[in-house]
Amino acid sequence: MSTTLIVNEIFRSVQGEGTRAGSICAFVRLTGCNLRCNWCDTRYAWDDGRPMEIADVLARLAELHCPLVEVTGGEPLLQSGATELLERLCDENYEVLLETNGSYNISSVDSRVVRIVDFKCPSSGHVSANKWINVEYLTGRDEVKFVIADRDDFDFAVEALREHDLSGICTVIFSPLWNAMDTAVLAGWLIEEGLDVRLGLQLHKIIWPDEERGV
Ligand code: SF4
C-alpha cells in the first residue's frame, strides 16, 4: 500500500536560502507543524493541505524537471511518511534538501539527504524545543540555520555555535528575520565577532516581497 502525505503545495522556484541559494529548486511543502513560532512566515501550512500518495508527489516532481528538491513545511518530520518520501527522492537521484526545525531527531533521515536544521532562537518562543542531540548526527554536507530577530537571538546563536562547535561540523547560516532584523546591523555583529558563519538572506523575499506563498 502506498504511503499518503498531507501536502500543502508543490512548486518550482528560486532557492532563497542556504548554500544552494539562487539555484532553481522544486519544493514540496508538507502540512502541519508542532511549533508555533512568533514570527512564522508559513502559517498557511499549519493546517491547509490535501492527501497525496508518495507516488503522486513523485509524478508531480517529474513534471517540474528539477534535479534539486527541497522538502519543507511546516515541519516535514511531523508526518511519519516524510522519511520514506526523502528516501524515494534520493533513490530517484534528486539532490534532496530537508528543512527541519530542530525539534525532531534527524537520525532516521536518509544520509544522502542534506539536512538543514533550523535551531530556534529566543524570539521564536521555542528554544526549549531544540533537540541538541541532532548535532551528533550532522555531517559536513548538512547545514545549521539560526533566524536572528535581535541581539538576544544573536548572543544565543553565538553561544550555541561555540558550545557545540557547529562551524567545525558544517556550514552555519545566520539569517536576519525579515522586516525585523536590520541586515547591515547583523552583518556588523558578524564582522565584529569574526564568526565562521555565513550571512543568509532570503532571496525569494527580496525578489518577490509581496508574495506570501511559494511562487
Ligand atoms: S517551525 Fe517553521 S513552520 Fe513551524 S511555526 Fe516555526 S517557523 Fe513556522
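Begin with the whole chain in cartoon representation: the secondary structure of the protein amounts to five helices and nine strands. The coordinates belong to a predicted model. Read from the N terminus, the elements follow the order β-β-β-α-β-α-β-β-β-α-β-α-β-α. The radius of gyration is 17 Å, close to the 17 Å given by the globule rule for 215 residues, so the protein is as compact as a globular protein of that length. The C-alpha trace spans about 55 × 40 × 30 Å along its principal axes. Of the 215 residues, 37% are buried. Among contacts between residues at least 6 apart in sequence, 72% join residues at least 24 apart.

**The sheet**

Next, select the strands. They form an open sheet of nine strands with mixed pairing, in the order S3-S1-S2-S4-S5-S6-S7-S8-S9. Which strands stand at the edges? They are S3 and S9 (198-199); each has a single partner strand, so one side of each is left without a neighbour in the sheet. To inspect the S9 edge, display S8 (residues 171-176), which runs parallel to S9 and is joined to it by two bridges. Here Ile173 stands opposite Arg198 in S9.

**Strand S6**

Move now to residues 114-119, strand S6, where six of the six residues are buried. Both faces of S6 are covered: Val114, Ile116 and Asp118 are buried on one side, and Arg115, Val117 and Phe119 on the other. Add the two partner strands to the selection. S5 (residues 95-100) pairs with S6 in the parallel sense over four bridges, and Leu97 stands opposite Val114 in S6. S7 (residues 143-148) also runs parallel to S6, and four bridges join the two; Phe119 stands opposite Phe146 in S7.

**The nonpolar core**

In soluble globular proteins, nonpolar side chains tend to be buried together. In this model the largest nonpolar core has 43 residues, and those with the most contacts inside it are Val69, Val71, Leu86, Val96, Leu98 and Ile148. Strand S2 (residues 24-30) gives the most to this core, with five residues. Centre the view on Leu86 and, leaving aside neighbours within four places in sequence, show its contacts: Val71, Val96, Leu98, Val109, Asp110 and Val113.

Then step back to Leu85, in helix H2 (residues 82-91). Is Leu85 buried or exposed? With 20 or more other C-beta atoms within 10 Å as the criterion for burial, Leu85 is buried because it has 25. Beyond its neighbours within four places in sequence, Leu85 is in contact with Leu5, Ile54, Val57 and Val71. For a longer distance, draw a line between the C-alpha atoms of Leu85 and Asp155: they are 70 residues apart along the chain and separated by 36 Å.

**Gly49**

Select Gly49, in the loop between S2 and strand S3 (50-53). Gly49 is buried, with 20 other C-beta atoms within 10 Å. Its contacts, apart from neighbours within four places in sequence, are Ile6, Val7, Asn8 and Thr31. The C-alpha atoms of Gly49 and Ile173, 124 residues apart along the chain, are separated by 30 Å.

**The ligand**

Finally, select the ligand and display its surroundings. Which residues are around the ligand? They are Cys33, Leu35, Arg36, Cys37, Cys40, Thr42, Gly73, Gly74, Glu75 and Asn101. Coloured by character, this shell divides into four nonpolar, four polar and two charged residues.

Note on methods:
Residues numbered from 1 in each chain as written. Predicted model: local features only at pLDDT ≥ 70, side-chain atom pairs only at ≥ 80, totals over all residues. Buried ≥ 20, exposed ≤ 12 C-beta atoms within 10 Å, placed from the backbone. Contact = placed C-beta atoms within 7 Å. Near = placed C-beta within 6 Å. Nonpolar A, V, L, I, M, F, W, Y, C, P; charged D, E, K, R; others polar. Core = buried A, V, L, I, M, F, W, Y, C linked by C-beta atoms within 7 Å. Rg over C-alpha atoms; globule rule 2.2 N^0.38 Å. Pairing = 2+ DSSP bridges.
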